[in-house]
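Visitor: Please take me through one part of this model in detail, residue by residue. I would like the contacts and the exposure values set out plainly, and then a word on how that part sits in the whole.

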Amino acid sequence: MKADIHPDYHMIKVVMTDGTEYETRSTWGKEGDVLNLDIDPTSHPAWTGGSQQMLDRGGRVSKFNKRFGGLGI
């Protein structure tokens, strides 16, 4: 194995959106850094099963629905 090609693997603190914290090993940042999450499994609808809102940026969703809405699948 080549020497000095792997990133530094160290302990960091992760702070969830609800304020809970835990320590884990990561290559992110440097030893002792704090990673504050904006989205995590306790708040994101993909994990919680909550209602999701579809953002239509630039009319992409409405363009898709206009084009393929009549298929009735």
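**Strand S1 and its surroundings**

Guide: Met-11 counts as partly exposed because its relative accessibility is 28%, a value that falls between the cut-offs of 20% for buried and 50% for exposed. The model is a predicted one, and every value here is computed from it. Met-11 is found in strand S1, which covers residues 10-15. Leaving out residues up to four places away in sequence, Met-11 touches Glu-23, Thr-24, Arg-25, Lys-30, Glu-31 and Gly-32. The C-alpha atoms of Met-11 and Ser-26 are 6.3 Å from each other, although 15 residues separate the two along the chain.

His-10 also lies in strand S1. With a relative accessibility of 2%, His-10 is classed as buried, since buried means under 20%. The side chain of His-10 reaches the backbone oxygen of Gly-29 at a distance of 3.3 Å. Gly-29 is also one of the residues that His-10 touches; the others are Thr-24, Arg-25, Ser-26, Thr-27, Trp-28, Lys-30 and Glu-31, again not counting residues up to four places away in sequence. Thr-24, Arg-25, Lys-30 and Glu-31 appear in the contact list of His-10 and in that of Met-11.

Now the partner strand. S1 pairs with strand S2, residues 21-26, in the antiparallel sense, and six bridges join them. Within this pairing, Ile-12 stands opposite Thr-24 of S2. The two strands form a hairpin, with five residues between S1 and S2. In the turn, Gly-19 has a positive phi of about 95 degrees.

Charged side chains come next. The structure holds two salt bridges. One is formed by Lys-13 and Glu-21, whose closest N and O atoms are 3.7 Å apart. Lys-13 belongs to the partly exposed class because its relative accessibility is 28%. Glu-21 is at 51% and so counts as exposed, the cut-off for that class being over 50%. Lys-30, a residue touched by His-10 and by Met-11, takes part in a salt bridge with Asp-33, with an N to O distance of 3.7 Å. Lys-30 has a relative accessible area of 55% and is therefore exposed, whereas Asp-33, at 22%, is classed as partly exposed.

As for the whole, the protein has two helices and three strands. Their order along the sequence is β-β-β-α-α. Of the 73 residues in the protein, 10% are buried, and His-10 is one that counts as such. Taking contacts between residues at least 6 apart in sequence, 9% join residues at least 24 apart. The protein exposes about 6600 Å², and 53% of that area comes from carbon and sulfur atoms. A nonpolar patch on the surface, about 330 Å² in area, is made by Phe-64, Phe-68 and Leu-71. Phe-64 lies in helix H2, which runs over residues 60-68.

Notes. Residues numbered from 1 in each chain as written. Predicted model: local features only at pLDDT ≥ 70, side-chain atom pairs only at ≥ 80, totals over all residues. Heavy atoms only, no water. Patch = residues over 30% accessible without salt bridge, like charges linked within 9 Å, V, L, I, M, F, W, Y side chains within 5 Å. Areas by Shrake-Rupley, 256 points an atom, 1.4 Å probe, with all protein chains shown as cover. Salt bridge = Lys/Arg side-chain N within 4 Å of Asp/Glu carboxyl O. Helix = DSSP H or I, 4+ residues; strand = E, 2+ residues; numbered from the N terminus. Pairing = 2+ DSSP bridges. Buried < 20%, exposed > 50% of the residue type's maximum accessible area, 1.4 Å probe, protein only. Polar contact = N/O pair within 3.5 Å; in protein donor to acceptor, adjacent residues only side chain to side chain. Contact = heavy atoms within 4.5 Å.
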